Amino acid sequence: MNFDTKIRYDVVKNRNKFLLSSLALTIIGILSLVFFQLNLGIDFKAGSNMDVATTKAVSQQEVNEVLKSLGYEDLAPTIGGQNNDRISIRFSDVLDQDESNKVSAALKAKFGEDIDTEVNVVSPDIAREMGIKTIWAILIASLGIMLYVMIRFEWRFALAANISILYDSFIVIAVFSIFRFEVDLPFIAAVLTTLGYSINDKIVIFDRIRENMRFASVKNESQLAEIVNASIWQTMARNLYTVLTVVIVTVCIFIWGSPSIKMFSFALLVGLISGAYSTIFVASPLWYLFKRNQKHKPKVAAKPTP
């Protein structure tokens, strides 16, 4: 067994640095979720969302003045559209018909009678159901991935992969919690997409590790570490090129895309970066730790032929 890894960075040898750093990030994320929780959007929290299309450009200050005159002090309306002619207002409470009519009338008085108003209401029951379904979607996707990897490879690969992809998903959630970004349905789509991209990178390295193990006689931990390091560097270029391609597209969408998908692209960007990191510095070292503790069954000596 001879792998050229002497001049390259030894990932396995320095695994504790990365695993402890990842653990620290996870703890920070957990604390953020405990103390700050998530900034849930209307999809997961009861309330009303009013979308208004005007015939002229408007400013956020003008909309705020209208809302303040009606007693809504803490709202943050979003202005969009090509000519700043669209308004999106999220109310934390469910508006009844009279309240909706008052807001609509005030906006018409300010911006003209030709505006078009649409109100979407999410009840507490629907919001609770959406939250439960989201959790189930992530768990079922993770379980399906783990079963596939277990069948395709072995349980150590499956366990290392599942820990890593759940870590990637959690990092996305933690970032949104820390920076108070809004969590909505596109965010959930980004988390599930992260699972798919993340497992793809890990399968590439795991497949190379398995191939290298077939043609090597592993007698000690040092040789096992050498195989893992070699497999990482043999697939490094492919993984980086794949991730970089998607990152470039995601950054372009985030910069020039519409406001409605900016947070989706940002969540996906965080997940892609975390996935590339965890593939090399979390999943592979974890598999090494699981594999080195494997108890080899002693070979039974062949019985002499009489």
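Helices here are DSSP runs of at least four residues and strands are runs of at least two, numbered from the N terminus.

**Figure 1. Overall view of the predicted chain.**
By that assignment, the protein chain holds eight helices and six strands. Read from the N terminus, the order of elements is α-β-β-α-β-β-α-β-α-α-β-α-α-α. The radius of gyration is 26 Å, well over the 19 Å of the globule rule for 306 residues, so the chain is more spread out than a compact globule. Along the principal axes, the C-alpha atoms occupy a box of roughly 105 × 40 × 30 Å. Buried residues account for 42% of the 306 residues. The accessible surface is about 17600 Å², and carbon and sulfur atoms contribute 60% of that area. Of the contacts between residues at least 6 apart in sequence, 80% link residues at least 24 apart.

**Figure 2. Confidence along the chain, with residues 297-302 in view.**
The mean pLDDT of the protein chain is 83. A score of at least 70 is reached by 93% of the residues. Residues 297-302 fall below 50. Beyond near neighbours in sequence, this stretch makes zero contacts in the model. Low pLDDT is a warning that predicted coordinates should not be read in detail.

**Figure 3. The largest nonpolar core, with 31 residues.**
Which residues have the most contacts inside this core? They are Val 149, Phe 157, Ile 199, Phe 206, Ile 232, Trp 287 and Tyr 288. At least two core residues come from each of H1 (15-35), H4 (124-152), H5 (155-178), H6 (185-214), H7 (221-256) and H8 (262-292). H8 gives the largest share, eight residues. Apart from this core lies another, of 22 residues. Its members include Tyr 167, Val 172, Ala 190 and Val 270. In soluble globular proteins, nonpolar side chains tend to be buried together.

**Figure 4. Close-up of Ile 232 and its contacts.**
Ile 232 is one of the residues with the most contacts inside the largest core. Leaving out residues up to four places away in sequence, what does Ile 232 touch? Its partners are Val 11, Ile 205, Ile 280 and Ser 284.

**Figure 5. Close-up of Leu 107 in helix H3.**
H3 spans residues 97-111. Is Leu 107 buried or exposed? Its relative accessibility is 0%, so Leu 107 counts as buried; the cut-off for buried is under 20%. Not counting residues up to four places away in sequence, Leu 107 touches Met 50, Val 52, Val 66, Ile 89, Gly 112 and Ile 115. Phe 170 is 63 residues from Leu 107 along the chain, and their C-alpha atoms are separated by 41 Å.

**Figure 6. Two loop residues with positive phi, Gln 37 and Arg 180.**
Most residues other than glycine have a negative phi. Gln 37 has a positive phi, near 60 degrees. This residue sits in the loop between H1 and strand E1 (39-40). Gln 37 counts as exposed because its relative accessibility is 51%, and the cut-off for exposed is over 50%. Arg 180 is not a glycine, yet its phi is positive at about 60 degrees. The loop that holds Arg 180 runs between H5 and strand E6 (182-183). With 35% relative accessibility, Arg 180 counts as partly exposed.

Conventions
Residues numbered from 1 in each chain as written. Heavy atoms only, no water. Core = buried A, V, L, I, M, F, W, Y, C linked by side-chain atoms within 4.5 Å. Buried < 20%, exposed > 50% of the residue type's maximum accessible area, 1.4 Å probe, protein only. Contact = heavy atoms within 4.5 Å. pLDDT = per-residue confidence, 0-100. Rg over C-alpha atoms; globule rule 2.2 N^0.38 Å. Areas by Shrake-Rupley, 256 points an atom, 1.4 Å probe, with all protein chains shown as cover.
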